[in-house]
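Hi,

Here is the model we talked about, with my notes below it. Have a look at the structure first, then read on.

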Amino acid sequence: EENSELLKVAMSKLTVQQREALFLKFEQNLGYPEIAQIQNISVESARTNIYRAIKTLRKSLQKGKISLQALIVFLRNTHI
């Protein structure tokens with residue numbers, strides 16, 4: 001329960017576009033070209049958004065001492 005709350009806080013630090021990109025990448029299993037097309041951005045921007053989102057989440061997770069495995073479970077059980 002506490003981990004879930006910390007993960008929600010970490011996710012709230014992301015932009016809407018970053019949350020959507022993570023959903024498309026990890027929940028829908030789409031590639032960067034498909035994500036770029038859906039978000040109407042370049043493939044490089046799609047990669048950058050996902051990279052920055054993961055970097056932000058890792059930083060938040062380290063502070064809260066939450067594992068990446070917990071993050072993956074959270075992402076699969078929540079619609080971003």
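The side chain of Q39 comes within 3.0 Å of the backbone oxygen of Q17. Bear in mind that this is a predicted model.

Where does Q39 sit? Its place is in helix α3. Is Q39 buried or exposed? With a relative accessible area of 9%, Q39 falls under the 20% cut-off, so it counts as buried. Besides Q17, and leaving aside neighbours within four places in sequence, Q39 is in contact with E20, A21 and N49.

Q39 has company in that helix: I35, A36 and Q39 are the buried residues of α3. Looking down the axis of α3, you'd find these buried residues within an arc of 100 degrees, so they line one face of the helix. In general, an α-helix has 3.6 residues a turn, so residues three or four places apart point the same way. Just after α3 comes N40, which has a positive phi, near 60 degrees.

Now for the core. I35 and A36 both belong to the largest nonpolar core, a set of 12 residues. Four helices, α1 (2–12), α2 (16–27), α3 (32–39) and α4 (43–64), put in at least two residues each, and the largest share, 4 residues, is from α4. The remaining members of the core include M11, L14, L22 and L57.

What does I35 touch, apart from its neighbours within four places in sequence? I35 is in contact with A21, L24, K25, L30, A46 and I50. A21 turns up again in the contacts of Q39.

Cheers

How values were computed: Residues are numbered from 1 along each chain as its sequence is written. This is a predicted model: local features need pLDDT of at least 70, side-chain atom pairs count only at pLDDT 80 or more; totals for chains, interfaces and linings use all residues. Side-chain values use heavy atoms; hydrogens and water are left out. A nonpolar core is a set of buried Ala, Val, Leu, Ile, Met, Phe, Trp, Tyr and Cys residues joined through side-chain atoms within 4.5 Å. Buried means under 20% relative accessible area, exposed over 50%, partly exposed in between (1.4 Å probe, protein chains only). Contact means heavy atoms within 4.5 Å. The arc is that of the directions from the helix axis to the C-beta atoms. A polar contact is a pair of N or O atoms within 3.5 Å; within protein, one must be able to donate a hydrogen and the other to accept it, and residues adjacent in sequence count only if both atoms are side-chain atoms.
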